[in-house]
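Welcome! Below are some exercises to work through with the structure beside you, each with a solution in steps.

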Amino acid sequence: MLEVPLWLWGAFVATVVVSLAVDLLAHRTAHVIGFKEAAAWSALWVGLALIFAAVVFLVLGTTAGTEYTTAWLLEKSLSVDNLFVFAVIFAYFKVPRAYQHRVLFFGVMGALVFRGIFLSLGVAVVSRFTVVLFAFAAVLFYSTYKLLKDEQESFDPGKSLAVRLLRKIMPVRDEYAGMKFFVKEAGKRVATPLLAVVAAIEAADLIFAVDSVPAVLAVSDDAFVVYTSNAFAILGLRALYFMLAGLLDRFHYLNKGLAIILAFIGVKLILQASHTTISTGIPEIPSPVSLAVIVVVLAGSVVLSLLRPAPSHPAPAPPDGKAASLPEAAATEHPGSDGGADAEQDQDQDQDQGQDQDRKGPSPPEG
């Protein structure tokens with residue numbers, strides 16, 4: 001384990017707290033996040049992560065710095081799947097675009113807490129029982145299989161455990177009430193659909209933690225490295241979502257690239273566990289090699305997606321009286337889905353809709 005000075009932990013906590021406070025103040029009023037604003041915030045979060053990487057290099061050494069950068073980039077790449085799920089959840093609950101940042105803000109807060117718990121437990125288990133890395137590798141290989149076969153489990157926001165528990169704890173009203181999570185009706189405290197959306201976001205993050213936690217533990221077993229890298233990757237998710245919401249379908253080879261990365265990390269885990277439990281003669285994959293593989297595969301996936309666009313298949317018209325499917329709804333709910341220019345033209349109209357305190361949302365389905 002690394003001997004991390006207390007001031008470095010303090011610097012990390014202070015950076016996160018101050019950044020979140022500035023972010024919250026900058027978005028204290030409901031408004032649609034345009035591409036330019038999202039790109040600026042995304043650049044800020046990436047810049048903070050890289051500056052912190054430089055500090056880790058200087059204070060903790062080259063190995064720790066490389067592990068941090070590799071873990072951050074790995075978590076950043078695996079988080080792309082979260083963006084697709086965000087689109088599905090927002091379309092399912094018909095969340096006004098002006099309210100989506102507030103939902104993701106609190107979703108990220110919860111993710112920081114839960115990832116901290118899971119990573120702490122993972123580090124503790126791996127440090128005592130190295131053989132568990134074989135099980136982690138099996139999880140990653142299974143995830144690779146699902147990605148290659150396009151057999152990822154669909155996420156149904158309305159049936160998630162978090163949403164069902166929320167409905168059992170308190171009633172959920174049918175209408176949004178601005179950016180409020182709670183309102184009083186007939187003297188009773190009731191939740192708005194916005195709280196149900198946050199619950200669905202948290203449930204989705206718990207599902208994705210099954211892949212990301214074992215993957216990052218293959219890079220490092222140091223609590224400081226794995227948590228700080230995860231935290232900075234998660235903090236930039238909101239801006240990344242608003243920047244890429246309308247472009248996700250263009251990167252159709254990205255899932256294949258992620259599958260290759262997960263398979264590579266699975267092999268790294270097996271070699272790492274075998275080196276410790278079977279024979280020290282079994283080689284391990286150095287962190288610089290892992291970083292290079294992740295960068296090359298990600299870049300190759302993006303470039304190949306742009307060079308070989310996916311053929312467009314027009315969606316069949318829904319039967320009369322029935323709503324469009326979730327992917328169609330997602331395309332109409334999010335900025336950029338009709339192109340950057342159209343999103344900017346519609347921004348003022350969507351902002352006015354976001355300010356409407358009586359806008360209705362669908363009633364979350366009964367659990």
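Before starting, one term: two residues are in contact when heavy atoms of theirs lie within 4.5 Å. Please also keep in mind that this is a predicted model.

**Exercise 1. Get an overview of the protein: how many helices and strands are there, and what share of the residues counts as buried?**

Solution.
- Step 1: Begin with the elements. The protein has 15 helices and 2 strands.
- Step 2: Turn to burial. The chain holds 367 residues, and 49% of them count as buried.
- Step 3: Look at the surface. About 17700 Å² is accessible, and carbon and sulfur atoms own 64% of that area.
- Step 4: Finish with the contacts. Among those with a separation of 6 or more, 80% link residues that are 24 or more positions apart.

**Exercise 2. Find P171: where is it, and which residues does it contact beyond its neighbours in sequence?**

Solution.
- Step 1: Locate the residue. P171 sits in the loop between α7 (161-169) and β1.
- Step 2: List its partners. With neighbours within four places set aside, P171 is in contact with R189, V190 and A191.
- Step 3: Check one distance. P171 and R189 are 18 residues apart along the chain, and 8.3 Å separates their C-alpha atoms.
- Step 4: Classify its exposure. The relative accessible area of P171 is 49%; exposed would require over 50% and buried under 20%, so P171 is partly exposed.

**Exercise 3. Describe the pairing of β1 and β2: in which direction do they run, and how many bridges join them?**

Solution.
- Step 1: Find the two strands. β1 covers residues 182-185 and β2 covers residues 188-191.
- Step 2: Describe the pairing. The strands run antiparallel and are joined by 4 bridges.
- Step 3: Pick out one pair. K184 has R189 of β2 standing opposite.
- Step 4: Inspect the turn. The hairpin has 2 residues between its strands, and A186 takes a positive phi near 55 degrees.

**Exercise 4. Sort S19 and T144: is S19 buried or exposed, and is T144 buried or exposed?**

Solution.
- Step 1: Place S19. This residue belongs to helix α1 (residues 6-26).
- Step 2: Apply the cut-off to S19. Its relative accessible area is 12%, and buried means under 20%, so S19 is buried.
- Step 3: See what S19 meets. Apart from neighbours within four places in sequence, S19 is in contact with W45 and L48. The C-alpha atoms of S19 and L44 are 9.6 Å apart, with their positions 25 residues apart along the chain.
- Step 4: Now T144, in helix α6 (residues 132-148). Its relative accessible area of 7% is also under 20%, so T144 is buried.
- Step 5: See what T144 meets. Not counting residues up to four places away, T144 touches A259, L262 and A263.

**Exercise 5. Explore the enclosed spaces: how many cavities of 30 Å³ or more are there, and what lines the largest cavity?**

Solution.
- Step 1: Recall the idea. Rolling a probe the size of a water molecule over the atoms reveals where empty space remains.
- Step 2: Count. There are 3 cavities of 30 Å³ or more.
- Step 3: Take the largest cavity, with about 120 Å³ of space. Its lining has 15 residues, and F86, A111, I201, D205 and L237 are the closest to its centre.
- Step 4: Ask which helices contribute. α4, α5 (100-128), α8 (193-219) and α10 each supply at least two lining residues, and α5 has the largest share with 5.
- Step 5: Sort that lining by class. It divides into 8 nonpolar, 3 polar and 4 charged residues.
- Step 6: Move to the second largest cavity, with about 90 Å³. Among its lining residues are L24, H27, R102 and M179. Here α5 gives the most, with 3 residues.

**Exercise 6. Examine the second largest pocket: how much space lies in it, and which helix gives the most to its lining?**

Solution.
- Step 1: Note the volume, about 390 Å³. Of the 16 lining residues, K76, V80, L240, L244 and V302 are the closest to the centre.
- Step 2: Compare the helices. α3 gives the most, 4 residues; α2 (35-60) and α12 (287-307) are among those supplying at least two.
- Step 3: Sort by class. The lining of this pocket has 13 nonpolar, 2 polar and 1 charged residues.

How values were computed
Residues numbered from 1 in each chain as written. Predicted model: local features only at pLDDT ≥ 70, side-chain atom pairs only at ≥ 80, totals over all residues. Heavy atoms only, no water. 1 Å grid on protein atoms, 1.4 Å probe; cavity = no way out; pocket = protein on both sides within 12 Å on 5 of 7 lines; lining within 4 Å. Points joined across faces, edges and corners; volume = space filled by probe spheres on them. Nonpolar A, V, L, I, M, F, W, Y, C, P; charged D, E, K, R; others polar. Buried < 20%, exposed > 50% of the residue type's maximum accessible area, 1.4 Å probe, protein only. Areas by Shrake-Rupley, 256 points an atom, 1.4 Å probe, with all protein chains shown as cover. Pairing = 2+ DSSP bridges.
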